Amino acid sequence: MFYKEFTMSQYDDILNFLKNGNTITALDALEYFKCFRLAARVSDMIRKKHPIESEFIQVLSTDGEGKRVIKRVKKYWYNTKVLVDESV
């Protein structure tokens with residue numbers, strides 16, 4: 001079985017990324033953290049009372065035939081204006 005040790009989990013990596021003022025989409029999570037399930041990680045963060053905010057944004061993409069299309073994707077960020085109890 002292939003096993004690779006990581007110093008931090010995807011959860012921790014993404015949480016720190018967001019806490020540093022960055023925003024993230026599912027495509028970003030895949031590229032930066034090799035995370036296929038960003039919504040699940042964000043759900044875990046919200047369950048632990050982290051103030052994660054989100055909105056749908058429109059991005060330009062191409063379909064299977066090469067035509068330009070607009071897609072809606074979710075963008076997440078950490079709301080730094082809300083104080084969080086870090087002991088949770």
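Helices (H or I, at least four residues) and strands (E, at least two) are taken here as DSSP runs and numbered from the N terminus. The exercises below concern a predicted model.

**Exercise 1. How many helices and strands does the protein have, and in which order do they run from the N terminus?**

Solution. Begin with the count: the protein holds 3 helices and 3 strands. Next, follow the chain from the N terminus, where the elements appear in the order α-β-α-α-β-β. The helices are α1 (10-19), α2 (26-33) and α3 (38-47), while the strands are β1 (residues 23-24) and β3 (residues 68-78), together with β2 (residues 52-62).

**Exercise 2. Work out the order of the strands in the sheet, and state which strands lie at its edges.**

Solution. Take the pairings one at a time. Strands β2 and β3 are antiparallel and share 11 bridges, one of which has Ile-52 with Tyr-78 of β3 as its partner. Strand β1 also runs antiparallel to β3, to which 2 bridges join it; Thr-23 is partnered with Trp-77, and Ile-24 with Tyr-76. Putting these pairings together gives an open sheet of 3 strands in the order β1-β3-β2, in which β1 and β2 are the edge strands, each pairing on one side only. Finally, consider the connection between β2 and β3: these strands form a hairpin with 5 residues between them, and Gly-66 in the turn has a positive phi of about 85 degrees.

**Exercise 3. Identify the residues that touch the most other members of the largest nonpolar core, and find which element supplies the largest share of this core.**

Solution. The largest nonpolar core has 15 residues, and those touching the most other members are Ile-14, Leu-18, Ile-24, Leu-38, Met-45 and Ile-52. Turning to the elements, α1, α2, α3 and β3 each supply at least two residues of this core, and the largest share, 5 residues, comes from α1. For a closer view, take Ile-24: leaving aside neighbours within four places in sequence, its contacts include Ile-14, Phe-17, Leu-18, Ala-29, Phe-33 and Leu-38, as well as Lys-74 and Tyr-76. As a general background, nonpolar side chains tend to be buried together in soluble globular proteins. Across the protein, 25% of the 88 residues count as buried.

**Exercise 4. Why does Lys-74 count as partly exposed, and which residues does Lys-74 touch?**

Solution. First locate the residue, which lies in strand β3. Lys-74 counts as partly exposed because its relative accessibility is 31%, a value to be set against the cut-offs of under 20% for buried and over 50% for exposed. Then list the contacts: not counting residues up to four places away in sequence, Lys-74 touches Ile-24, Thr-25, Ala-26, Ser-54, Glu-55 and Phe-56. As for distance, the C-alpha atoms of Lys-74 and Ala-39, 35 residues apart along the chain, are separated by 9.1 Å.

**Exercise 5. Describe the lining of the largest pocket, by element and by residue class.**

Solution. The largest pocket has a volume of about 170 Å³, and its lining consists of Thr-25, Ala-26, Leu-27, Asp-28, Val-59, Lys-71, Val-73, Lys-74 and Tyr-76. Sorting these by element, α2 and β3 are the ones that give two or more residues, with β3 giving the most, 4 residues. Sorting them by class gives 5 nonpolar, 1 polar and 3 charged residues.

Terms used: Residues numbered from 1 in each chain as written. Predicted model: local features only at pLDDT ≥ 70, side-chain atom pairs only at ≥ 80, totals over all residues. Heavy atoms only, no water. Pairing = 2+ DSSP bridges. Core = buried A, V, L, I, M, F, W, Y, C linked by side-chain atoms within 4.5 Å. Buried < 20%, exposed > 50% of the residue type's maximum accessible area, 1.4 Å probe, protein only. Contact = heavy atoms within 4.5 Å. 1 Å grid on protein atoms, 1.4 Å probe; cavity = no way out; pocket = protein on both sides within 12 Å on 5 of 7 lines; lining within 4 Å. Points joined across faces, edges and corners; volume = space filled by probe spheres on them. Nonpolar A, V, L, I, M, F, W, Y, C, P; charged D, E, K, R; others polar.
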